[in-house]
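Open the model in your viewer and keep the selection panel handy. We will go from stop to stop, choosing a few residues each time and looking at what is there.

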Amino acid sequence: MNEFFYKVIWGNTIKDWLIAAGIIAGCLLMAKLVQKIVVVRMHKAASRTASTIDDFIVSLLQRSVMPYVYILTVYAGLNYLAIDSRIFKILHVAILVTTVFFVIRSISATLAYFFQRFTSKNAKAPAQQNQAKGILLIVNIIIWIIGAIFLVDNLGYNITTIITGLGIGGIAIALAAQAILADLFSYLVIFFDKPFETGDFIIIGDKMGTVEYIGIKTTRLRALSGEQLIVSNTDLTNSRVQNYKRMEKRRVVYSIGVVYETSPDKLKSIPATIKKIVEVQPDTQFDRTHFTGFGDFSLTFEVVYYILSADYNLYMDRQQAINLAIFQAFDKAEIEFAYPTQKLLLNNMKSNTERSITKGKIFN
């Protein structure tokens, strides 16, 4: 019987083969028990919580950790045997590739989880979520390239030559695609810093429009007149951008001029009249009205109030209502609006009388 166990097959005794098989079977059984008891219980506990981090950990254990453990058990059992150096080298390369694969996969999954959590809170529109997927794809490509370089280095190849070649090629590509790379980095700045989002109405210099799409190289705006404006991301990040979508309330400042012939009592009543008119308007907050100065042809009052909304149409509706109410109130009180005038004084030498001629037009 002992002779049977010490019979050599492929360089190992049957006893060694049985021990290796026992190591593999025992380790697989332990791993299976861990998966059935620990992982399953963790999954049930995670399903009862509102947090998603525990669900992610369980998913990571099931998709990456446990398969790698099963592969390690097989490798541990085979490692007990006396294997030919060439076959052992193949096994070593296989376990190294497997290790790098599952480590990179775990890192990629972790980054994807936290990146998606970040984007789900900030990127509400489908277009923004698609942009987030594009960025995640770029990050994953970089991670896998780093993992491939690490694998090649551990396989014994001279990585310095490869890195030097990639560095020279990278410099050449960067010089050739300098503008594209600048727009790409500007896109990342726009995505993470979020000076504007899809649907926002913005003004850049003398151009304005609603943001329709934020691409890797350009951002597209829909102008008020209907045409599409295409602006490079670099121009956007280098410019002062006015974002009207994020306006909480609109401050309105304008002036009203009345003629110099207006009596002092009527002048005193104007601020209170305008205040009353503004305060009765909904979604409007009165700030102040003051007699600010003596103009060339008018007595000037400055009116300041707030529209408690960013809606431009609402602002125009309230402005129209206030203007009509002021016009009616001034007409009722017989207060005249001023308009540009000139007075010519003519001296009559014979009668020593003066005549004044006034000419002008209505001031808008």
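Begin by selecting Arg318 and Asp283 in this predicted model, where their side chains meet in a salt bridge with an N to O distance of 3.5 Å. Arg318 belongs to helix 10 and Asp283 to the loop between helix 9 and strand 9, so the pair ties together parts that are 35 residues apart in sequence. Colour the two by accessibility and the partners part ways: Arg318 counts as buried, because its relative accessibility of 14% is under the 20% limit. Asp283, with a relative accessible area of 40%, is partly exposed.

How many salt bridges does a search of the whole structure find? It finds three, and the other two are worth a visit now.

Select Arg288 and Glu302 for the next one. These residues form a salt bridge whose closest N and O atoms are 2.7 Å apart. Here the link runs between distant parts of the chain, from Arg288 in strand 9 to Glu302 in strand 10, 14 residues apart. Arg288 is partly exposed at 26% relative accessibility, and Glu302 is partly exposed at 22%.

Stay on strand 9 and add Thr289, which lies in that strand. Is Thr289 buried or exposed? At 9% relative accessibility, Thr289 counts as buried. Show its contacts, leaving aside neighbours within four places in sequence, and you should find Pro271, Ile274, Glu302 and Val303. Glu302 is the salt-bridge partner of Arg288 that you have just seen.

Pro271 and Ile274 lead on to the next selection, helix 9, which covers residues 264–279. Draw a line between its end C-alpha atoms and you get 24 Å; at 1.5 Å a residue, the 16 residues should span 22 Å, so the two values agree. Now look along the helix for a bend. Where is it? Helix 9 bends by about 30° at Ile270, and the proline Pro271 follows within four residues.

Next, show the buried side chains of this helix: Leu267, Ile270, Ile274, Ile277 and Val278. To see what covers them, switch on strand 8 (250–258), strand 9 (284–294), strand 10 (299–307) and helix 10 (312–332), which are among the covering elements. Helix 10 is also where Arg318 from the opening stop sits.

For the remaining salt bridge, select Arg222 and Glu212. Their closest N and O atoms are 2.8 Å apart. Arg222 is in strand 5 (residues 218–222) and Glu212 in strand 4 (residues 207–214), so to speak a link between distant parts of the chain, ten residues apart. Both ends are partly exposed: Arg222 has a relative accessible area of 32%, and Glu212 has 33% relative accessibility.

Now for two backbone stops. Select Lys194, in the loop between helix 7 (178–193) and strand 3 (201–204). Its phi is near 55°, a positive value in a residue other than glycine. Then go to Glu334, in the loop between helix 10 and strand 11 (341–347). Glu334 also has a positive phi, near 60°, and is likewise a residue other than glycine. Their surroundings make a nice contrast: Lys194 counts as buried at 11% relative accessibility, whereas Glu334 counts as exposed at 62%.

Switch to a surface view for the next stop. Select Leu29, Leu33, Val34, Ile37, Val38, Met42 and Ile57, which make a nonpolar surface patch of about 570 Å². Which helix gives the largest share of the patch? That is helix 2 (residues 14–47), with six residues. One of the patch residues in helix 2 is Leu29. Leu29 counts as exposed because its relative accessible area, 53%, is over the 50% cut-off.

Finally, zoom out to the whole chain. Cartoon view brings up ten helices and twelve strands. Buried residues make up 29% of the 364 residues. Of the contacts with a separation of 6 or more, 58% are between residues 24 or more positions apart. With the surface on, the accessible area comes to about 23,900 Å², and 62% of that belongs to carbon and sulfur atoms.

How values were computed: Residues are numbered from 1 along each chain as its sequence is written. This is a predicted model: local features need pLDDT of at least 70, side-chain atom pairs count only at pLDDT 80 or more; totals for chains, interfaces and linings use all residues. Side-chain values use heavy atoms; hydrogens and water are left out. The expected span of a helix is 1.5 Å times one less than its number of residues. The bend at a residue is the angle between axes fitted to the seven residues ending there and the seven starting there. Buried means under 20% relative accessible area, exposed over 50%, partly exposed in between (1.4 Å probe, protein chains only). Contact means heavy atoms within 4.5 Å. Patches are made of residues with over 30% relative accessible area and no salt bridge: like charges are joined within 9 Å, nonpolar side chains (Val, Leu, Ile, Met, Phe, Trp, Tyr) within 5 Å. Accessible areas come from the Shrake-Rupley method with a 1.4 Å probe; for residues, only the protein chains shown count as cover. A salt bridge is a side-chain nitrogen of Lys or Arg within 4 Å of a carboxyl oxygen of Asp or Glu.
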